[in-house]
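This report covers nonpolar packing and charged side-chain pairs in one protein chain. The structure comes first.

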Amino acid sequence: MDISVVIPLYNEDESIPELYAWIERVMKQNNFSYEVIFINDGSTDRSWEIIQELNQKQPDVVKGIKFRRNYGKSPALYCGFDQAQGDVVITMDADLQDSPDEIPELYRMIKEEGYDLVSGYKQKRYDPISKTIPTKLFNATARKISGIKNLHDFNCGLKAYRKAVVKNIEVYGEMHRYIPYLAKNAGFNKIGEKVVQHQARKYGTSKFMGLNRFVNGYLDLLTLWFLSTFGKKPMHVFGFLGTVMFFIGFVAAIWIGADKLWCLANGIPQRLVTNSPFFYIALTMMILGTQLFLTGFLGDLISRSSTGRNDYQIEETI
């Protein structure tokens, strides 16, 4: 199979028929063999009924996954990637802001130019300024931390992947914003970008507005940076910091004790050790150092045995 189109959606019943007809037209014009996988992320409208109707008309092409509740875009992509069978996997949003006309060129860049991942770049956007300015700041930070200098729009829903990429990365939480970073960490380094057309929303309103999406985005980026750097070896950071703090506290405690003994041996009046603030500073450093060391040790144990992170309740699959 040439292409799998993975489409996560939440309450997009008005746009689904038009989107699918558009995808179908593009695929037939280019003689692609394909499948379209809709992931219904807990919609409360008629989205699932429409997906079922499309499946009845073309059961070999249209597939669907229905979550019992709303989990978010990353879980939807995770389940879609698991089911995808195409040599190239295309992701897009269901709101008609991503153009299926971009699919042939994205496919060509993967198959002919050898890219592992090609991310869309919505150079001209139809979003309000309250969304575009924070997005630019966010992408600048993501480029700096990830080291992927050539991407301008990490969070663009329109992307193309070599099949091996989606089968070897784990998208969880809200990490869909950083799939290029996840791919890079998995060893897929040939990451490209294509300027794509961004269309104004035709139906409904955006499901991803609000300040919290940008705050959460930065927190997720810091989490991913830490995990990619120390996720498999937490002892290296916590153990190192703990050892340094314990050593400083231990040396300070030895110095305080030695100073007290020297004063006693020479008959010099000296106040109680417990009356010195340095005693409590040294003790606190040793306690914190021990706790950090144990945190690193426990982190190592957890990283070796964590399971069930991507366990979602799927009500129905077609």
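The text below treats the nonpolar cores and then the salt bridges of this predicted model.

**Nonpolar cores**

In soluble globular proteins, nonpolar side chains tend to be buried together. The largest nonpolar core here holds 36 residues, of which Ile3, Val5, Ile7, Val36, Phe38, Ile90 and Met92 touch the most other members. Two or more residues each are supplied by β1 (3-9), α1 (16-29), β2 (34-40), α2 (47-57), β4 (88-91) and α4 (103-111). Helix α1 gives the largest share, seven residues.

Phe38 can be followed further. Once its neighbours within four places in sequence are set aside, phenylalanine 38 is in contact with Ile7, Leu9, Ile16, Tyr20, Ile51, Leu54, Val62, Lys63, Gly64 and Ile65. Another core, of 35 residues, lies apart from the largest one and includes Leu151, Tyr172, Ile179 and Phe188.

**Salt bridges**

The model contains eleven salt bridges. Three of them are listed here with their closest N and O distances.

| Basic residue | Acidic residue | N to O distance |
|---|---|---|
| Lysine 28 | Glutamate 24 | 3.4 Å |
| Lysine 122 | Aspartate 98 | 3.1 Å |
| Arginine 108 | Glutamate 105 | 2.7 Å |

Lysine 28 and glutamate 24 both belong to helix α1, where four residues, about one turn of the helix, separate them in position. Lysine 28 counts as exposed because its relative accessibility is 53%. Glutamate 24, at 18% relative accessibility, counts as buried, since the limit for that class is under 20%.

Which parts does the pair of lysine 122 and aspartate 98 tie together? Lysine 122 sits in the loop between β5 (117-121) and α5 (129-146), and aspartate 98 in the loop between β4 and α4, so the salt bridge links parts 24 residues apart in sequence. Both ends of this pair are buried: lysine 122 has a relative accessible area of 8%, and aspartate 98 has one of 1%.

Glutamate 105 and arginine 108 are three residues apart in helix α4, again about one turn of the helix. Are these two side chains buried, partly exposed or exposed? Glutamate 105 is partly exposed, at 29% relative accessibility, and arginine 108 is partly exposed as well, at 27%. Their salt bridge does not stand alone, as shared partners join Glu105, Arg108, Glu112 and Glu113 into one network.

Helix α4 thus appears under both headings: two or more of its residues belong to the largest core, and glutamate 105 and arginine 108 lie in it.

Key: Residues are numbered from 1 along each chain as its sequence is written. This is a predicted model: local features need pLDDT of at least 70, side-chain atom pairs count only at pLDDT 80 or more; totals for chains, interfaces and linings use all residues. Side-chain values use heavy atoms; hydrogens and water are left out. A nonpolar core is a set of buried Ala, Val, Leu, Ile, Met, Phe, Trp, Tyr and Cys residues joined through side-chain atoms within 4.5 Å. Buried means under 20% relative accessible area, exposed over 50%, partly exposed in between (1.4 Å probe, protein chains only). Contact means heavy atoms within 4.5 Å. A salt bridge is a side-chain nitrogen of Lys or Arg within 4 Å of a carboxyl oxygen of Asp or Glu.
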